[in-house]
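Reader: I would like to go through the salt bridges and the packing of this protein. Please start with the rule you count by.

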Amino acid sequence: MSGVIQRVGVLTSGGDAPGMNAAVRAVVRKGIFHGLNVFGINRGYEGLIHGEIHEMSIGSVADIVLRGGTVLKTARSEEMKTLAGQQKALAQLRKLEIDALVVIGGDGSFRGAQTLAAQGVQLVGVPGTIDNDIAGTELTIGFDTAVNTVVDAVGKIRDTASSHERTFIVEVMGRNCGNIALQAGLACGAESILVPEIPYDLDEISDKLKRGHQRGKNHSIILVAEGVGSAYKIGEELHARSGFETRITVLGHLQRGGNPSALDAVIAAAMGGKAIEIILAGETNRMTAYIDQTVISRPLEDAYGNRRPLNRELYDLANELSI
Ligand code: ATP
């Protein structure tokens, strides 16, 4: 323990993700356990800039460990992207003598964090986003829950799809990355998975649907990551090519909600705890990462530059299994 850091802030930023609360709880409780004063910052950087900061107690994080969303609220802050905004954020931390900050969020949140680290704030990033698109960690908090939510929803859609003998196109989250579509699609045996990282061929998909039909298949499920384009348009084009009726379901924000899975809650607790360890060790500009089933500390900059690439092997396997 450095003996210098006394006051630690924690905020959640970017899109909310199931498990963020478990991470906040771990930061607060482990911080207090080690004699730190922990301050919750509401509404991400927006709240930081406007001084929405309050001290957290052991009781303030009671009953949240398995609750979805984030009790600290989250926001997107355009102001934080400006130098003036970053200076305001820094001034708020200085005013309360908060020397260390834990930022729970995605890639963008880490970029905001880095601007504060550059000004001398002891900074730890905790990857929390349902997209699982952050380089340097095998899992981000919220991804496992979101995948399970999609699998559950697709199971229900499959019931009606098979009753009506239809092709269902299910749009899932993922503007720039197809991890949710891929993982959920493989888990539930989707006939096709469309991701932004890999071009698709509607004629091929249509042929696959026809082959399946000839084999006696009475329904098909196609998972589409939102970044690929409009599921409705894809549905129309597939209908024109294959002749099969298509129905579209856009799962939308229900993928963000819900209690975290046990895996997410465990990872979140371990990452929140690790963030405090990093702070106590006097390290800065670090992130927590889940590698080989262990939560480790690594340089925050490992998250930059590259997005976590799509697992091409899994993608190819999903195609092979859905011939
Ligand atoms: P998700 O992956 O769930 O969308 P995210 O953290 O990537 O989460 P963003 O909206 O990209 O979400 O970023 C969250 C916030 O981080 C932004 O609203 C902004 O306040 C801050 N931020 C993003 N990029 C920068 C940057 N380059 N400089 C400073 N702050 C930034």
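Author: A salt bridge here is a side-chain nitrogen of Lys or Arg within 4 Å of a carboxyl oxygen of Asp or Glu. The model is a predicted one.

Reader: How many salt bridges does this rule give?

Author: One that meets the rule joins arginine 286 and glutamate 283, at 3.6 Å from N to O. Counted in this way, the salt bridges come to 15.

Reader: Is glutamate 79, which pairs with lysine 88, buried, partly exposed or exposed?

Author: The closest N and O atoms of glutamate 79 and lysine 88 are 2.5 Å apart. Buried means under 20% relative accessible area, and exposed means over 50%. Glutamate 79 has 24% relative accessibility, so glutamate 79 counts as partly exposed.

Reader: Which residues are in the network with Glu277?

Author: Glutamate 277 and lysine 274 lie three residues apart in helix 9, about one turn of the helix. Their closest N and O atoms are 3.3 Å apart, in a salt bridge. Glutamate 277 is partly exposed, at 37% relative accessible area. Through shared salt-bridge partners, Glu277 is joined in one network with Lys30 and Lys274.

Reader: Which residues of helix 9 does valine 102 touch?

Author: Helix 9 covers residues 262-280, and its buried residues include Ala275 and Ile279. Leaving aside residues up to four places away in sequence, valine 102 has contacts that include Val8, Leu11 and Val124, and in helix 9 Ala275 and Ile279.

Reader: Which residues have the most contacts inside the largest nonpolar core?

Author: That core has 72 residues. It draws at least three residues from each of domain 1 and domain 2. The residues with the most contacts inside it are Val102 and Leu223.

Note on methods: Residues are numbered from 1 along each chain as its sequence is written. This is a predicted model: local features need pLDDT of at least 70, side-chain atom pairs count only at pLDDT 80 or more; totals for chains, interfaces and linings use all residues. Side-chain values use heavy atoms; hydrogens and water are left out. Helices (H or I, at least four residues) and strands (E, at least two) are DSSP runs, numbered from the N terminus. The expected span of a helix is 1.5 Å times one less than its number of residues. Buried means under 20% relative accessible area, exposed over 50%, partly exposed in between (1.4 Å probe, protein chains only). A nonpolar core is a set of buried Ala, Val, Leu, Ile, Met, Phe, Trp, Tyr and Cys residues joined through side-chain atoms within 4.5 Å. Domain bounds come from an automatic or database domain assignment. Contact means heavy atoms within 4.5 Å.
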